[in-house]
Amino acid sequence: MGLVGSSWFTVSDRPTLSREGPEAGPIVVWLWGEHDLSTDDTLCATLARAIAVDSPGLVLDLSEVEFMAASTLGVIARAQE
């Protein structure tokens, strides 16, 4: 795993593709702690970088989130579009 942005976001490292091996899986972004206007810009930049990677998908793991403001949900909704 590689730390991206602040301590609130972690993005998995992509495995190296090889001709013999299977395709790389989706990029996984883990969020933890509390998310509101103070973390929205960093989350937006983190998701933009993850989306820019040529990957079969993006998984957003929210299982460790303690609080999420409506503004953060807006960042996630815009990223989906």
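**Polar contacts and core of the predicted chain**

A polar contact of 2.7 Å links the side chain of Thr-72 to that of Asp-40. The model in which this pair is found is a predicted one. Thr-72 belongs to helix α2, which covers residues 70-80, while Asp-40 is among the buried residues of helix α1. The side chain of Thr-72 also reaches the backbone nitrogen of Asp-36, at 3.5 Å. When residues up to four places away in sequence are set aside, Thr-72 touches His-35, Asp-36, Asp-40 and Leu-43. Thr-72 is classed as buried because its relative accessibility is 0%, against a cut-off of under 20%.

Asp-36 takes part in a further contact, in which its side chain pairs with the side chain of Ser-38 at 2.6 Å. Ser-38 is a residue of helix α1. With a relative accessibility of 64%, Ser-38 lies over the 50% limit and therefore counts as exposed. Ser-38 and Thr-72 are separated by 34 residues in sequence, and their C-alpha atoms are 9.6 Å apart.

The chain contains two helices and four strands, arranged along the sequence as β-β-β-α-β-α. Helix α1 is made up of 16 residues and spans 23 Å between its first and last C-alpha, close to the expected 22 Å at 1.5 Å a residue. Its buried residues are Thr-39, Asp-40, Leu-43, Thr-46, Leu-47 and Ala-50. An α-helix has 3.6 residues a turn, so residues three or four places apart point the same way.

Leu-43, Leu-47 and Ala-50 of this helix recur in the largest nonpolar core. That core has seven residues, the others being Ile-27, Val-29, Leu-31 and Val-75. Strand β3 (27-35) and helix α1 (37-52) each contribute at least two residues to the core. Leu-43 is thus listed both in the core and among the residues touched by Thr-72.

Two of the core residues, Ile-27 and Val-29, are also touched by Val-59, together with Pro-26 and Val-28, when residues up to four places away in sequence are not counted. Val-59 is located in strand β4, residues 58-68. Its relative accessible area of 38% falls between the 20% and 50% limits, so Val-59 is partly exposed. The C-alpha atoms of Val-59 and Gly-25 are 9.9 Å apart, with the two positions 34 residues apart in sequence numbering.

Over the chain as a whole, 28% of the 81 residues are buried. Of the contacts with a separation of 6 or more, 62% are between residues 24 or more positions apart. The exposed area of the chain is about 5,300 Å², of which carbon and sulfur atoms supply 56%.

Confidence varies along the model. The mean pLDDT is 78, and 70% of the residues reach 70 or more. Among the elements, α2 has the highest mean pLDDT, at 94, and strand β1 (residues 2-3) the lowest, at 42. Throughout residues 1-7 the pLDDT stays under 50, and the model has 18 contacts beyond four places in sequence for this stretch. The pLDDT is also below 50 over residues 15-21, which have four contacts in the model beyond near neighbours in sequence. Where pLDDT is low, the predicted coordinates should not be read in detail.

Conventions:
Residues numbered from 1 in each chain as written. Predicted model: local features only at pLDDT ≥ 70, side-chain atom pairs only at ≥ 80, totals over all residues. Heavy atoms only, no water. Core = buried A, V, L, I, M, F, W, Y, C linked by side-chain atoms within 4.5 Å. Buried < 20%, exposed > 50% of the residue type's maximum accessible area, 1.4 Å probe, protein only. Contact = heavy atoms within 4.5 Å. Areas by Shrake-Rupley, 256 points an atom, 1.4 Å probe, with all protein chains shown as cover. Expected span 1.5 Å × (residues − 1). Polar contact = N/O pair within 3.5 Å; in protein donor to acceptor, adjacent residues only side chain to side chain. pLDDT = per-residue confidence, 0-100.
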